[in-house]
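Me: Please take a close look at one part of this model, the helix packing, and carry on to the ligand surroundings. Connect the pieces where they share a residue.

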Amino acid sequence: MNYPVITLRRGKEESLRRFHPWVFSGAIASAPENLEEGDIVEVRSSDGTPLGVGHYQIGSIAVRMLSDEIIEINREYYFNRLNNALRLRKALGLLRDDNNAFRLVHGEGDFLPGLIVDVYGQTAVVQAHSVGMHYARDIIAECLVSLPGASLRNVYYKSETTLPYKASLDPQNDYIIGSYDTDIAVENGLKFRVDWLKGQKTGFFVDQRDNRSLLRHFARGRRVLNMFCYTGGFSVYALSGGATLVHSVDSSAKAVSLTRDNVRLNFGDDAPHEAFAEDAFKYLAEMKDGAYDLVVLDPPAFAKHRGAIKNALRGYQKLNARAMEKMPEGSILFTFSCSQAVSKEQFRLAVFSAAAQVGRRVRILHQLTQPADHPINIYHPEGEYLKGLILYIE
Ligand code: SAH
């Protein structure tokens, strides 16, 4: 194969040798002039040693490495990578009669930088975060439905908001293969209607699966507030764990209605559940002291990039303080940050500041992260984004 060659500046091959999957633009000594975003390129060190192949893109990350060998990036490549990803999910026990929702591909964590695939039953929802993956979407879709043992029939492509807009590809969210409007995903025996057409991200947050399971153990006999409920994942688990009352809150009316549907789907009309479309800070300001003895705070990413970290930390502190000050003695707080730019130390410090600010005695019971179907390439710590704490409030 004959891919255009990018040569690195002297010494800049070290991080690739340590398997880091990105080449930053500042590391490049020379590149062909006619390179287009999304092209497959070969990367070489300053002395001409081949280091691998990757997708070229415009921006501070200039190449996302697909392989550390000089191989052809073709159907066989994608099939093998996807099949390896599936093998891991099978080994994790995620494909069962009572569980058919999981993340099949987590970008760099599955050696497919720029690609996310979530599976809901017979449907795979694909998100491209790079132009290279956008161009490969048809091959990827065809490989997905051929994976042995995955029983995938539909592939929905949803990259309108994830591709760099400057690439002006004008991607349409649409089915590449099959078609199916919504589906009922099963997670640990609980049912969720997933709307990938209109929902946020791929339609459901599979990354909270293990944390929702933990919540189920804490829920018995408790009055639960699920703040930022989206599709009601934590609410459904709380009810299945024996909570006496569950209130779900989200500023989006659509999310509140999805939550109600999912509660009904699992427990009928008589569950001790109510959902409110309300802003989080307003709800917390107006809620009665001691109203809930288990609170979940799972806000959207407060920091979408490094520049926003300071404000984000202030936001986490304020949110946690507002909740903690009204929680009764002996109550439990599940608190999260899904901002990749905020480290777990920074998040913990923000929560510490909240506790100190409202003068509560607080102990950490569990430290939470993303589940095993969101693996972190050890050479690419940037892949770690979800962090959470379970706190005991006195
Ligand atoms: N906990 C959910 C995921 C939460 S995603 C799960 O397990 O699936 C974050 C949610 O916060 C979104 O549904 C969004 O609509 C909601 N949201 C964003 N800003 C908000 C605000 N100010 N008040 C309340 N909800 C908000």
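Reply: The answer goes through the packing helix by helix, then the ligand, then two loop residues.

The model is predicted, with local features requiring pLDDT of at least 70 and side-chain atom pairs pLDDT 80 or more, while totals for chains, interfaces and linings use all residues. Numbering starts from 1 along each chain as its sequence is written, and side-chain values use heavy atoms, without hydrogens or water.

Start with helix α6, residues 233–240 (a helix is a DSSP run of H or I, at least four residues; a strand is a run of E, at least two). The axis of α6 comes within 9 Å of that of helix α7, residues 253–267, and the two cross at roughly 30 degrees (axes are fitted to C-alpha atoms; angles run from 0 to 180 degrees). α6 and α7 are therefore roughly parallel to each other (under 35 degrees; over 145 is roughly antiparallel, 65 to 115 roughly perpendicular, the rest oblique). On the α6 side the residues in contact are Ser235, Val236, Leu239 and Ser240 (contact: heavy atoms within 4.5 Å). Their partners in α7 are Thr259, Asn262, Val263, Asn266 and Phe267. In this contact four residues are nonpolar, five are polar and none is charged (Asp, Glu, Lys and Arg count as charged; Gly is among the polar).

α6 also packs against helix α5, residues 209–218, at an angle of about 30 degrees, with the axes 8 Å apart. From α5, the contact takes in Arg209, Asn211, Arg212, Ser213, Leu215 and Arg216. From α6, Gly233, Phe234, Tyr237, Ala238 and Ser240 take part. The division here is four nonpolar, four polar and three charged residues. Ser240 of α6 thus appears in the contact with α7 and in the contact with α5.

Arg212 leads on to the ligand. It is among the closest of the 15 residues that surround the ligand, together with Asp250, Asp279, Ala280 and Asp298 (near means a heavy atom within 4 Å). A polar side-chain atom of Arg212 is 2.9 Å from a ligand oxygen atom (a polar contact is a pair of N or O atoms within 3.5 Å). Two of the aspartates face nitrogen atoms of the ligand: a polar side-chain atom of Asp279 lies 2.8 Å from one, and for Asp298 the distance to a ligand nitrogen is 2.7 Å.

Another helix pair is α2, residues 75–91, with α4, residues 137–146, where the axes are 9 Å apart and the angle is about 50 degrees. These two helices are therefore oblique to each other. Arg75, Tyr78, Phe79 and Leu82 of α2 touch Ile139, Ile140, Glu142, Cys143, Leu144 and Ser146 of α4. Seven of the residues in this contact are nonpolar, one is polar and two are charged.

Two loop residues deserve a note on their backbone. Most residues other than glycine have a negative phi. Tyr230, in the loop between β14 (223–227) and α6, has a positive phi near 50 degrees. Asn188 has a positive phi of about 45 degrees and sits in the loop between β12 (183–187) and β13 (190–194).

Key
Polar contact = N/O pair within 3.5 Å; in protein donor to acceptor, adjacent residues only side chain to side chain.
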